[in-house]
Amino acid sequence: MALPPPDPQFVLRGTSAAVHALHFSCGGQEPDVPVLFSGSENGFIHIWNLKTHRVDAALDGHGRTSVYCVQTMGGKDRLLSQGRDQRICMWDLAEGRTSVTDSVCTENVGFCRCSLAKVAQGRWLMAMAARATEEVQVLELPSKTSVCTLKPEVGAKLGMPMCLKLWQLSCGSQPLLLAGYEDGSVVLWNLSTGKALSQLVCHQEPVMSLDFDSEKAKGISGSSEKVLSIWSLNEQQNLQVCKTHKLVNAGISDITIRADKKILATAGWDHRIRIFGWKKLKPLAVLDYHTATVHCVSFSDHQNPSERLLAAGSKDHRISIWSIYTQT
Amino acid sequence: VCFIPGGLDCSISFVSHVLGKVCVHGRQKEILGVLVPRLMDLTKSDCIWQRICWRLVECVPDRWMEAVVLGFVQRTPGADVLSRLLGNLVVKNKKAQFVVTQKLLLLQYCHTTAVLQNLLGYLALDGLRRPLLTKVLQELLETWGSSSAVKHSPPEQQQYISKAILICLSHLKEPEIESCRQELLTSMMEGVKCHLDSSLPQIRRLGMIVAESISSKINTDGPVLKFQYEEDDEARELKSLLVQTPPLCVVPSLPDDDRNEKAGAALPLVLESDKKSHTVAPVMPVEESDAELDSDDDLIPYDMSEDKELKTKAPVYIRDCIEVLTGSEDVDKWEATVKALESLVRKNPAATKEVSVELAKILLHLEEKTCIEGFVELRQRAQVAVLTTDPIPVAKYLTSQFYSLNYSLRQRMDILDVLVLAARELSYPKSHGKTKHSGAQKPCIQLLPGSDSSKDWRRIVDERIKSKTRRFAKGPSQGELASSPNEFSSVAGHFFFPLIQHFDRPLTTFDLLGEDHFVLGRLVHTLAVLMYLAVNTVAVTAMGKALLEFVWALRFHTDSYVRQGLLSCISSVLLGVPAQHLLEDMTEELLETQSWLGDVVEKDPDGDCRRLALQNLLLMENLKKKLEPVPS
């Protein structure tokens with residue numbers, strides 16, 4: 001007899017606006033406190049202390065426009081945030097400071113979350129949607145120099161890039177970019193040549209979110225329809241669809257695979273968070289807590305597996321924290 | 001009677017005379033009961049005996065031929081036996097031909113299906129007789145297709161003729177059908193039209209079944225006519241007549257077998273191709289071998305049974321409902337609103353009263369936007385809820401719309417149904433609780449409209465007549481029922497009089513006395529129920545008087561459904577109006593009605609009408625007896 005789904009371990013309230021972005025930073029040693037960064041529609045980035053469940057600090061750097069992406073750059077002292085004011089800001093949060101050290105003007109009015117990848121110590125690559133509609137620009141940080149601009153060929157009609165994922169097989173090897181577009185296709189780009197290596201149409205509707213497992217060379221994408229699409233990358237660097245999974249209700253806003261590659265979580269427009277096993281996409285649980293669309297999900301990066309958490313941010317202003325499948 | 005064996009030359013005419021005389025005197029059963037089995041055995045293989053038998057019947061004088069032939073046809077167990085016994089009598093003897101082809105089929109209708117089978121099978125068995133079969137079929141079809149026959153002949157006769165047609169069709173072979181295909185088609189089209197025009201569901205169904213059968217016979221490969229009707233024993237029996245059982249079967253069994261074989265062969269092929277498709281087409285080369293250990297197994301799924309599709313919420317306020325139903329493009333919301341409307345209306349009577357007429361208007365014009373299950377019922381229940389919450393203005397609106405231009409017949413009948421259901425609800429004692437009575441009598445939605453509701457009322461009237469003391473409310477005695485004022489009494493007049501007002505005023509799209517006699521029938525039945533439910537109300541006497549006059553004006557209507565309704569009206573008047581008022585205010589009308597009822601009992605072609613008229617006369621008798629001890 002299957003157990004009923006668990007309740008959230010705790011719920012963070014206090015953002016007073018829809019939560020669009022979440023990022024954990026729990027890898028530090030004692031006396032470092034595990035924190036969760038959240039970006040809200042009212043322009044604030046809240047830093048939640050996961051021990052006290054309270055907000056430690058609120059960062060206001062995007063002129064009260066919605067913050068839809070937050071990521072850390074190697075530890076919780078360096079934060080990167082992206083907002084609807086067409087800026088990507090880099091913050092210095094060490095020793096209680098809350099200042100913007102640098103910012104990049106993207107000139108893009110879309111919703112595409114940027115993607116970060118560390119290529120060397122202190123050097124990062126960041127992929128973001130560029131000013132022209134179908135283009136993706138890759139910058140090197142902190143120098144902010146442009147590495148390449150990825151333009152689809154003329155007449156490809158891919159639409160806006162909706163979601164990006166930079167990855168590399170191992171640290172130091174050639175980074176590649178996976179981009180999901182408005183027409184439902186996922187394209188694999190080679191950054192050095194600036195050319196598309198493979199294009200795969202996985203959805204009839206825009207690809208809302210994707211995630212990729214570089215070890216297995218398998219990825220998953222979700223869209224505004226009822227289907228999750230799992231695809232893989234073969235030796236010739238070609239994308240192929242492995243299988244599709246039909247959902248009960250349409251619409252996925254976010255997908256994320258846990259670091260141990262065992263499970264993945266999807267954030268749905270039907271207010272529910274679904275957990276699947278990554279190997280065979282076996283449905284494991286449906287977490288029904290929120291009363292509005294869930295915008296983002298994120299897994300924590302705790303060193304100790306039993307402390308791992310899953311966070312989900314929703315339009316109902318709440319962030320639910322779950323402890324699920326921590327035994328494996 | 002014993003026969004001299006071997007005497008080939010002996011004259012049998014004396015025997016024929018005896019046989020004829022006995023049969024004519026009505027003793028067919030006795031003599032043929034002995035004769036026929038003997039003859040059956042004797043003629044089985046012996047040609048001589050067959051010829052003797054034929055001589056026997058041929059020599060029967062014409063004036064007794066009918067009785068003899070009828071007796072034989074009724075007695076013999078099968079068409080082949082009849083063929084052996086009678087031979088080609090019908091071809092040789094004019095009188096026999098007349099009896100077999102005309103009298104037994106067209107002029108009489110009391111015989112059983114077995115008799116029909118015998119008769120028509122007999123005609124089909126011999127080449128000399130087959131032309132008669134075709135002729136018979138044509139004549140039957142002519143009768144079947146004539147509109148006056150459909151209107152005026154009793155349903156039993158129509159059923160008999162339909163059966164005969166079906167049996168004829170089953171005997172006809174392909175070339176014969178080919179030769180008369182055109183005539184079959186024309187008569188089928190005409191016949192179907194008259195049958196579907198009728199107000200009685202039984203006649204309609206007969207027409208549909210026969211038309212389907214004819215169509216299937218003449219278009220063996222093309223699309224055939226297919227109607228939707230209630231399948232019950234009668235329909236199944238009729239359809240079974242189409243297929244003849246062996247050994248008489250004209251349709252060879254081979255094609256059936258062929259078809260079965262082909263179907264059987266098709267199935268394994270399909271299965272094979274399925275299997276092939278599984279192995280041949282690996283779309284994904286990345287097929288993890290099943291041998292690999294599935295480390296997902298240690299992740300135990302949680303219970304996901306609560307994971308269902310999201311439902312949109314229905315609005316909670318009546319005015320929101322109105323907004324959604326009139327304007328909204330959101331179909332999910334529209335569906336949710338339609339489903340929730342009835343309960344909302346009942347829970348918020350004050351809010352409903354403010355917008356009752358508007359809501360009634362919207363509901364009357366509401367069309368099915370999406371495919372909801374039970375849309376018609378949901379709409380009807382919502383309408384009834386609105387009508388019972390605010391009876392007077394909504395009744396005024398609905399009755400005025402009944403006689404307005406540009407409504408479909410369906411909408412007008414909806415109005416009538418809603419009025420009846422609401423009247424029923426209003427006149428029930430409230431202490432029973434609202435939930436019960438909606439289950440006791442189903443609302444009148446059906447594909448063949450009219451049949452359910454009229455049966456209900458007839459049953460009610462019958463019950464009343466049987467025992468005056470029995471309660472009309474449902475269920476066995478439930479102790480003392482708490483009495484409460486009859487809510488229908490104050491509004492009965494508003495329901496009733498506007499409906500009766502304009503029935504003789506034709507509009508361009510709606511002519512009650514003309515083509516739309518079906519709606520007239522429904523209107524009459526509705527008035528009967530409203531009259532009945534108005535018992536013990538103040539307006540009942542006035543209603544009764546108006547109703548009797550209405551009945552008097554329409555009493556010679558040709559449609560039997562309308563006449564049945566009129567007779568139900570009279571029953572309702574007799575049961576509803578208190579006896580004293582009946583005698584004081586309506587004596588002349590009652591006397592006139594009584595003489596009309598007597599006429600109906602004797603002369604009306606429809607069995608139901610006669611029965612109802614008889615019941616009414618009984619009611620009148622009871623009335624008189626009741627008042628006897630009271631000195632006038």
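How many residues of chain B are in contact with chain A, and how many of chain A with chain B? I began there, keeping in mind that this is a predicted model, and I found 20 residues of chain B in contact with 30 residues of chain A.

**Interface.** I then looked up the area that chain B and chain A bury between them, which comes to about 2,200 Å², with 57% of it on carbon and sulfur atoms. On the side of chain B that touches chain A, I noted 10 nonpolar residues, 1 polar and 9 charged. Despite those charged residues, I found 0 salt bridges across the interface of chain B and chain A, while 3 residue pairs are in polar contact between the two chains, both residues being at pLDDT 80 or more.

**Salt bridges.** Over all chains I have 37 salt bridges. In chain A, I looked up K76(A) and D32(A), whose side chains meet at 3.2 Å, N to O; K76(A) lies in the loop between β6 and β7 and D32(A) in the loop between β2 and β3, so the pair ties together parts that are 44 residues apart in sequence. I have K76(A) as partly exposed at 21% relative accessibility and D32(A) as partly exposed at 37%.

In chain B, I looked up K92(B) and E58(B), which meet in a salt bridge at 3.0 Å, N to O, and link helix α6 with helix α3, 34 residues apart. K92(B) is exposed at 54% relative accessibility, whereas E58(B) is partly exposed at 23%. I also noted one network, in which salt bridges that share partners join E342(B), R346(B), E377(B), R381(B) and E425(B).

**Cysteines.** I counted 0 disulfides over all chains. I have C242(A) as buried at 12% relative accessibility, and C609(B) as buried at 0%.

Technical notes:
Residues numbered from 1 in each chain as written. Chains lettered and ligands numbered in written order. Predicted model: local features only at pLDDT ≥ 70, side-chain atom pairs only at ≥ 80, totals over all residues. Heavy atoms only, no water. Disulfide = S-S within 2.5 Å. Buried < 20%, exposed > 50% of the residue type's maximum accessible area, 1.4 Å probe, protein only. Contact = heavy atoms within 4.5 Å. Buried area = accessible area lost by both parts, 1.4 Å probe. Salt bridge = Lys/Arg side-chain N within 4 Å of Asp/Glu carboxyl O. Polar contact = N/O pair within 3.5 Å; in protein donor to acceptor, adjacent residues only side chain to side chain. Nonpolar A, V, L, I, M, F, W, Y, C, P; charged D, E, K, R; others polar. Helix = DSSP H or I, 4+ residues; strand = E, 2+ residues; numbered from the N terminus.
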